[in-house]
Amino acid sequence: MKAVSIESGEASKAIDHGVNRGLSVFDLVLRIVAIVGTLAGAVAMGTAEQTLPFATQLVQFSAQYDDFDSFKLFVIVNAIVCAYLALSLPFSIFHIMRSRAGKSRILLIFLDAIMLVLLTSGASAAAAIVYLAHTGNTSANWFSVCQQYTDFCQRSAGSLIGSFGSMVCLVLLIIFSAVAISRR
């Protein structure tokens, strides 16, 4: 009887079910890690500000994230992606319980790809400004502002780490969802 069930493919169905369940658990973990990364990036950038100590009563030199449109975009995009990932957690939990669900996985792949594009655009725009702040541009006579605003530059550069980590998580989420669909 056991040989007949193995020949008919019942054992491979149980293995595939376990693999899909494992992928679904890993999907949930990756979503939580990406939520933490986008939230940390948005909070770190949103609270980045520094006032130079030699400011007078009439003139104060300060840098805030909202002085740069790219940083505003970065904070907004990270908040949107963080909210999306939080709202997608029930789908991820549903996939753990029902590992053979296909249509919701396809929807998540599509939405994850859109969020990956948004997050990439926001993080790339902010990274360009952070790079310019660190190195300056001698041909345009722009000097490096990070020599004066060290805390602001460190905080804004650090916020990019969480965002780029979340981008890696989203790429892995798309790949693992595609693998789970193909195993179905």
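# A tour from helix α4 outward

Start by selecting α4, a helix of 33 residues that reaches 47 Å from its first C-alpha to its last. That is close to the 48 Å expected at 1.5 Å a residue. Bear in mind throughout that the model is predicted.

**The buried residues of α4.** Keep α4 selected and show its side chains. Which residues of this helix are buried? Towards the start of the list come Ser104, Arg105, Leu108 and Asp112. Met115, Leu116, Leu119, Gly122 and Ala123 are buried as well, and so are Ala126, Val130 and Ala133.

**Isoleucine 114.** Now pick isoleucine 114, which is also found in α4. Is this residue buried or partly exposed? Isoleucine 114 counts as partly exposed because its relative accessible area is 34%, and the partly exposed class lies between under 20% for buried and over 50% for exposed.

**The nonpolar patch.** Add Ile76, Ile80, Phe110 and Leu118 to isoleucine 114 and switch on the surface. Together these five residues make a nonpolar surface patch of about 440 Å². Which helices supply the patch? Both α3, spanning 69–97, and α4, spanning 103–135, contribute at least two residues each. The largest share, three residues, comes from α4.

**The end of α4.** Move just past α4 and select glycine 136. This glycine takes a positive phi of about 75°.

**The annotated segments.** Next, color the ranges that UniProt gives, in an unreviewed entry, as "transmembrane region": residues 28–48, 73–94, 106–133 and 160–181. Two of these ranges can be checked against the model. Residues 73–94 are 100% helix and 0% strand, with end C-alpha atoms 32 Å apart. For residues 160–181 the model likewise has 100% helix and 0% strand, and the distance between the end C-alpha atoms is 32 Å.

**The whole chain.** Finally, zoom out and color by secondary structure. How many helices and strands are there? The protein has five helices and two strands. Read from the N terminus, the order of elements is α-α-β-β-α-α-α.

Switch to a surface view of the full protein. About 10,600 Å² is exposed, and carbon and sulfur atoms supply 69% of that area. Of the 184 residues, 37% are buried.

To finish, display the contacts between residues with a separation of 6 or more. Residues 24 or more positions apart account for 78% of these contacts.

Key: Residues are numbered from 1 along each chain as its sequence is written. This is a predicted model: local features need pLDDT of at least 70, side-chain atom pairs count only at pLDDT 80 or more; totals for chains, interfaces and linings use all residues. Side-chain values use heavy atoms; hydrogens and water are left out. Patches are made of residues with over 30% relative accessible area and no salt bridge: like charges are joined within 9 Å, nonpolar side chains (Val, Leu, Ile, Met, Phe, Trp, Tyr) within 5 Å. Accessible areas come from the Shrake-Rupley method with a 1.4 Å probe; for residues, only the protein chains shown count as cover. A salt bridge is a side-chain nitrogen of Lys or Arg within 4 Å of a carboxyl oxygen of Asp or Glu. Helices (H or I, at least four residues) and strands (E, at least two) are DSSP runs, numbered from the N terminus. Buried means under 20% relative accessible area, exposed over 50%, partly exposed in between (1.4 Å probe, protein chains only). UniProt positions are given in the numbering used here, feature names are shortened, and annotations may be inferred rather than shown by experiment. Contact means heavy atoms within 4.5 Å. The expected span of a helix is 1.5 Å times one less than its number of residues.
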